[in-house]
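Colleague: I should like to learn how helix length, burial and packing are read from a set of coordinates. Could we work through one case together?

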Amino acid sequence: MMTPSQEPLRRPDGLKVTFRKVSFPFESTGFDRHWHSRSPFISHFWSALSQAFGPGEKFFIDSVRALRSEIKDEALLEEMEQFVRQEAHHTIQHRKFNRMVAALGYDTAKLEARYAAPLDAVREKMDPMDMLRVTMALEHFTSGFAHQFFANPAIGAGADPNVVALWAWHAAEEAEHKATAFDVYERLGGGYAMRAATLPVAWGLILAITLRNTFQMLREDGSFSLPDVLRGMAYLFGRKGLVTGLLPTFLDYFRRDFHPWEEDDSASIARWEAENSAYVVERDGERVAPARTTPPPAPVASDALELELPAVSAA
Ligand SMILES: [Fe+2]
Ligand SMILES: [Fe+2]
């Protein structure tokens, strides 16, 4: 049933998914291996999750690109292009962070491979709409994290601000493009049952892999301690924990009439934009002069993804 709706996209007034090129100070300052609250568990949880973005965002980009020719709505096509550019740049920035984690002595290739394995299996066996459903489920995860990140200051409290800047930018853009994949699916007549069935599997896997990777990192630097793990578990699963806070978001997705923008995060995005312009080098194709520049990073070898950016041209 391919019945692209002609209704306008549901977005808050003034919301426009926007590509921003960024530069963060952690590249020059470095960071402690236990950069979050001096907690090995909490630091490694985030550092492990960062390893998901290489394979994950490539998967998101491919799944959205694969359906591009079936979308007729110009506004959605433009948003899909910005989505691709945002995700590709997230990967570039996280890979810089990930290489520095690797330089601290962790086997990041193994961490990343654990995220890549289920995504590769989906890619091999399923069609583009199935891939898109997985992308939507994981986009709901990242935008749920983003909402938590902005709504609950305890999540970033005590962390190295130079690293938090990376996550805050990523959170803002995940919130900004949270409905892109969802609306592609809806416009192409994607069904409710499979959308709902995909969510628990995708969320279960990414959380399980991230926890497994967290424990690998604790083992690798010999920093496992029961009090720290209990503190980390409370940070994730306690009454005001990060994962606990995601529960309502998780359940919302099972409503038939769910739409990502029923939770309006536009004020958080605007606040991030107002407070973090110093990290933005280019916005919407225009170079901007940051008020507080950071020293240019040493040349890195992974900007290959950047080469992919022009491949998606304007409609
Ligand atoms: Fe992303
Ligand atoms: Fe995303």
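**Reading a helix and its neighbour**

Modeller: Let us begin at the end of a helix: α4 is followed by Gly105, whose phi is positive, near 110°. Please bear in mind that this is a predicted model.

Colleague: How many residues does helix α4 have, and what span is expected?

Modeller: The expected span grows by 1.5 Å a residue. Helix α4, residues 74-103, has 30 residues, and the distance from its first C-alpha to its last is 44 Å, close to the 44 Å expected.

Colleague: Is α4 largely enclosed or largely open?

Modeller: A residue is called buried if 20 or more other C-beta atoms lie within 10 Å of its own. In α4, 21 of the 30 residues are buried, so the helix is largely enclosed by the rest of the structure.

Colleague: At what angle do α3 and α4 pack?

Modeller: Angles over 145 degrees count as roughly antiparallel. Helix α3 (residues 53-66) packs on α4 at about 165°, and their axes are 9 Å apart; α3 is therefore roughly antiparallel to α4. The contact involves, among others, Phe53, Phe60 and Ile61 of α3, and Met80, Phe83 and Val84 of α4. By class, the contact residues are eight nonpolar, four polar and five charged. The crossing of α3 past α4 is left-handed.

Colleague: Is His170 buried or exposed?

Modeller: The same count of C-beta atoms applies. His170, found in helix α7 (residues 161-176), is buried because 23 other C-beta atoms lie within 10 Å. Its C-alpha atom is separated by 9.4 Å from that of Gln93, although His170 and Gln93 are 77 residues apart along the chain.

Key: Residues numbered from 1 in each chain as written. Chains lettered and ligands numbered in written order. Predicted model: local features only at pLDDT ≥ 70, side-chain atom pairs only at ≥ 80, totals over all residues. Helix = DSSP H or I, 4+ residues; strand = E, 2+ residues; numbered from the N terminus. Buried ≥ 20, exposed ≤ 12 C-beta atoms within 10 Å, placed from the backbone. Expected span 1.5 Å × (residues − 1). Axes fitted to C-alpha atoms, helices over the stretch in contact; angles between N-to-C directions. Parallel < 35°, antiparallel > 145°, perpendicular 65-115°, else oblique. Left-handed = near helix turned anticlockwise from the far one by under 90°. Contact = placed C-beta atoms within 7 Å. Nonpolar A, V, L, I, M, F, W, Y, C, P; charged D, E, K, R; others polar.
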